[in-house]
Amino acid sequence: MTIPRPIRLSMPATAALLALCANAFAVRPPAQLQAKDSPDDEGGKVRLEWRLSPDDSAAAVKGYLVERAASADGPYAEVRQVFRGSASYEDQKLQDKTDYYYRVRALGAAGDTSEPAQAGPVQARQQWFRKGKLNAVIGLVLFLLIIVYYLRRAQKENLFLRRLAGLDALEESVGRATEMGRPILCVLGSQGLDSVATIAGLNILGQVARQTAEYGTPLLVPTQDFIIQAVAREVVKTGYAAQGHPDRFSEDSVFYVVGNQMGYASAISGLMSRQRPAANLFVGHFYAEAMVMAEAGNATGAIQIAGTDAVTQLPFFIVACDYTLMGEELFAASAYLSRQPQLVGTIKAQDLGKVILVALLLALSVLTLALRTPFFYNLLGVQ
Amino acid sequence: MADKGKRLPLLIVIVLGTVFVVQYFVPSRPSQGLYRQALRWSIVMGLPAIVIAIDSLVRHHAARIRRRQAGWGDSLVYLGAALLMAAAGLAGGVGEGSLFMRLFTYAMAPMQATVFSLLAFYMTSAAYRSFRARSAEATLLLASAFILMLGLIPLGAAIWRGIPAVSEWLLLVPNMAAKRGLGFGIGLGIVATALKIILGVERSWMGGS
């Protein structure tokens, strides 16, 4: 058996071989680095996007190192390290209208780095219009025009409004409470005044307050939010004054309970079992407490009317309440109850809006399928 | 025509409503600054409402105790607990290990969890009422719920391998279609309500027209 003799290399050859080995084991760089001003923002941001290193999927890459410089030659400073699999990064707090250059390197699992992918110069700028929301602007303007058209039409003719059993029952429940000498309970949901469902609930409360003022029926409005308590009190007070019975308004009828979700549900349940309201109204946006309150009310035998835009809570209200206003019916309640021509007009505008929206969806779906392009599908997307 | 007392709030709503609709579509720095400033203002303006709320809370429960109304003992406990929490927070802070935090962790949190857990029983009683097959709709609901529940447990697949797929189809097709239909109505309803208020057509929030 012969033992092979070791190969002797010269110094330059050894160095070349070592470099070759290092290159063979180093991670490969990311590619196609693009640096662009972040769209639709207040400036100071640049968005970087790159194609992942070919070694990314093999777990040889630990992450990516993002570097920034004020000139193409550097010096480059580290901005951020992002995780493996990340192909984008948004650099923030930059000076507007200033040139920036970027480099992105792949970080090897052994701590080595790849050759950089480079991009630049790029400048951050602020925008004065969100282009990604252009379709929303067009939709809003169109809807506004439809509302104005129906507001004018409502002044000239009586517009038909289909009957809503839940709202018809509202007046009946006020009458029932009056006959029984029991109060009406109105719960305005669990969101703040920034929720349109809460505002819709306050609109209904305003109408109910006018009716309870007329009949002299006690009204109870326990709230979960201190701002809503202040607003609800004014709504009820003004409703009583509008009916010519300011003396019948009691400061104690609208009161703050607690800001805690389940604490609020317990307080309402306790109030229902003690004071036995003849009618319970749940109007606004609700979460898990909806079921606790609605079932507690159901056990007392009160007429229960719920109205919410919380789709996940609708099934609970449907099974526990006598009448449920689903989604848009909550927003239509004020118009339905007051029968003011102008408000009724806006309901008709909503109906036409729905018809247009459904027709548009159908047309765009057919075009997307027929022409096999996402262009039409993306027309309704809002960024 | 709005009476004098309502003119100012109406004007504020119309002007600020219009400004912030426009602001939503303008991302520039002044626009975002205005939005942040408005958020700060809304917090500041909400502060006096805390005082009104605490005043209302104390008056409401004190009156119940004074009149010895049904459940006045609960009001006593409530006021005592509110005072205790406030005193614990003011005296010892709200940090880790403080009396306030211990009251929160060992008293408030378990009480909340208890009420939350009642949901299971409420759901059962509500489901029992609604699933009784008294009409065609209730029977459909009963059948759908039965398939859905079977599809979510191993027993469903053991009975027939297709049950989980049917269950998923029920959730993703008819259920999703209904949810999206509701979503359109809700979206348009929200925009219409906001526009009604901004245009001054809807005034029920001020106690009626």
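**A walk from one valine to the chain contact**

Let's begin at A:V344, a residue that counts as buried because 21 C-beta neighbours lie inside 10 Å, and 20 or more are enough for that label. Keep in mind as you look around that this is a predicted model.

Where does A:V344 sit in chain A? Its place is in helix α10 of chain A, which covers residues 341–371. Leaving aside residues up to four places away in sequence, A:V344 touches A:A154, A:L159, A:L161, A:A335 and A:R339. Now try finding A:D96 as well: A:V344 and A:D96 are 248 residues apart in sequence, and their C-alpha atoms are 49 Å apart in space.

Next, move over to chain B and look at helix α3, residues 72–92. Here you can check a helix with simple arithmetic. Counting 1.5 Å a residue, the 21 residues of α3(B) should span 30 Å, and the end C-alpha atoms are indeed 30 Å apart, so the expectation and the model agree. Just after α3(B) comes B:G93, which takes a positive phi of about 75°.

Finally, let's see how the two chains meet. The contact takes 69 residues from chain A and 52 residues from chain B. On the side of chain B that touches chain A, the elements giving two or more residues are α2 (29–66), α4 (99–131) and α7 (163–198) of chain B. Which of these gives the largest share? That is α7(B), with 15 residues. As for the character of this side of chain B, its residues divide into 30 nonpolar, 16 polar and six charged.

Definitions and conventions
Residues are numbered from 1 along each chain as its sequence is written. Chains are lettered from A and ligands numbered from 1 in the order in which they are written. This is a predicted model: local features need pLDDT of at least 70, side-chain atom pairs count only at pLDDT 80 or more; totals for chains, interfaces and linings use all residues. Helices (H or I, at least four residues) and strands (E, at least two) are DSSP runs, numbered from the N terminus. A residue is buried if 20 or more other C-beta atoms lie within 10 Å of its own, exposed if 12 or fewer, and partly exposed in between; C-beta atoms are placed from the backbone. Two residues are in contact if their C-beta atoms, placed from the backbone, lie within 7 Å. The expected span of a helix is 1.5 Å times one less than its number of residues. Ala, Val, Leu, Ile, Met, Phe, Trp, Tyr, Cys and Pro count as nonpolar, Asp, Glu, Lys and Arg as charged, and the others, Gly among them, as polar.
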